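Visitor: Could you take me closely through the aromatic rings of this model, and through the charged groups that sit over them?

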Amino acid sequence: MLSQPKRARGAKAIDEPEKLTLLSLPDLPLLRVLSFLPMKDLSAAGTACCRLGALARAHWSLWRGKKLGPVRAGGLWDLLRVAPPVDKLCCEDSIANSYARCFESYESERSAVVASCLVVTTSDAFFLACLIREFAPRLKHLSYSGNYLNMLYFNLQYARRIEILGLDCEAINGGRASWPQDVVLPRLHTVVISELDEEQDSDFEPAIDAFRSLLQAHRGRLRSVSLGGPELVPLLDALDARPSNSNNLQCLEVETGKGVAAGLRPFQPVLKHLIIHWTSSRTTEMAKLLKSWSGPLERLDLDSATPKMLSILGEGSLAGLRYLDLRDISSKADLQWTLAGLPGLHKLVLRRCHGEKSLEILCAMSPTIIPALELLIFKSFKEEGCSKYQEDCPRVAKLAPAVKSLVRRAPLSLHCVMLPHCGGGHWRGQNERNERCCTVFYRHSTVAVAECPLCAEAVSAIRSLYYHHDIQATKMTRIQV
């Protein structure tokens, strides 16, 4: 007979149950618990425990759609210690309270790839420097708004994967900034420079010289450049206009200013996409430029195009255009004349055609002036007096008969997309479901939607119009004509 082992001296008669804590949970249920925490508490939890910090850094889903702030500048340091790597980083140097927001957007205008984004606003320039340095190795897209360009240039040299860079600087603090000419970011292909604030009593030359040094170091490597103000026109001479370059500049965005026509002329042989933001001055010289344009231009965006510019397009000097984006059309007659001179136009985007103007434009489109048109997009139009979010825009209902008639009469299989102002992401306080609404009209069978390339292009066009915003669900109403 086996003897019972002797109980150790001092042992308790009944074993106490093991104490369970939050950290006793496996990773999966623990992640579920963490997902309910707001950003401030998630940052605090991550800094309090190594395991929670590792989970926070490794799972972007914990941060998606969350906000932090307003807090003091020092309240962001916990976020820096545990935030996960992101694809896009937007930094704003501000004298106001500090904020942070995480969301998802599309990687680029022509990509359906989803990118993780972190937006940080703070007055702590040292924190922004640490933030950029910390995220630099993985960053693909960086936007910086502030005056510490020296700090940005120093830390940006570590961003070897960066592809898109946005700069918004009104002045430069801490002396002149200059990008080292022997340092090249190998993947950088797009630079966006915002306009300088003319109301500020400051000298623009240091900022323009700093931007020029960056563009010159990457001369011959950039595919897309945006110059957001007329004072930035002199930067055109820092870009490479040589057609023999294998990595040609393909897209250029400018605002009309002194010397803009002369600055654009050398790029005619290479540009495929030109975006022009219009001012009342320089109309004559820009009209002469477009009238004599010779090159492979396929897409043209005109912001507030004048009747004179539209008449130039109607003369056929840019008959090879495939994509035209117009804002604030003055009259249906101007559009009729324009379309008559663009027989190869495949896609047309019309913005801000409010009230009865949109109906007049639709009725004025005869089949003879749209022989190749396959995609027509009305964006940001609204009913007179519309001031709230609506799933069913009354203007779309009023336009529906005219749209159906146009789709039926079009020579090709025309798809018409209606993106009303009241159905988009403009009313965030009222749009609780965070969705945008649109209506697509087509004449093929509903069964063929999945296989129709134009339906896919319509979806892609909707995404491209909002790609730099946070992703919203799209409630798409499809109407077979």
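Guide: What follows is a walk through the ring pairs and then the charges placed over rings, in a model that is predicted. The structure holds four aromatic pairs. One of them joins tryptophan 77 and phenylalanine 127 in an edge-to-face arrangement, with 5.1 Å from centre to centre and 85° between the planes. Because tryptophan 77 belongs to helix H4 (residues 77–82) while phenylalanine 127 belongs to helix H5 (residues 125–135), this pair ties together parts that are 50 residues apart in sequence. The two partners can also be described by their accessibility: tryptophan 77 is partly exposed, at a relative accessible area of 23%, whereas phenylalanine 127 is buried, with a value of 0%, and buried here requires a relative accessible area under 20%. Ring pairs further link Trp77 and Phe127 with Phe126 into a cluster.

Another of the pairs brings together phenylalanine 154 and tyrosine 158, again edge-to-face, with the centres 6.3 Å apart and an angle of 75° between the planes. Phenylalanine 154 counts as partly exposed, at 47% relative accessibility, and tyrosine 158 likewise counts as partly exposed, at 37%.

Tyrosine 158 also leads from the ring pairs to the charges, since the charged end of arginine 133 sits over the ring of this tyrosine, 3.8 Å from the ring centre. Elsewhere, arginine 299 lies over the face of tyrosine 323, at a distance of 3.9 Å from the centre of that ring. Tyrosine 158 thus takes part both in an edge-to-face pair with phenylalanine 154 and in a contact with the charged end of arginine 133.

Conventions: Residues numbered from 1 in each chain as written. Predicted model: local features only at pLDDT ≥ 70, side-chain atom pairs only at ≥ 80, totals over all residues. Heavy atoms only, no water. Phe/Tyr/Trp six-rings, centres within 6.5 Å; stacked < 30°, edge-to-face > 60°. Helix = DSSP H or I, 4+ residues; strand = E, 2+ residues; numbered from the N terminus. Buried < 20%, exposed > 50% of the residue type's maximum accessible area, 1.4 Å probe, protein only. Lys NZ or Arg CZ within 6 Å of the ring centre and 35° of its normal.
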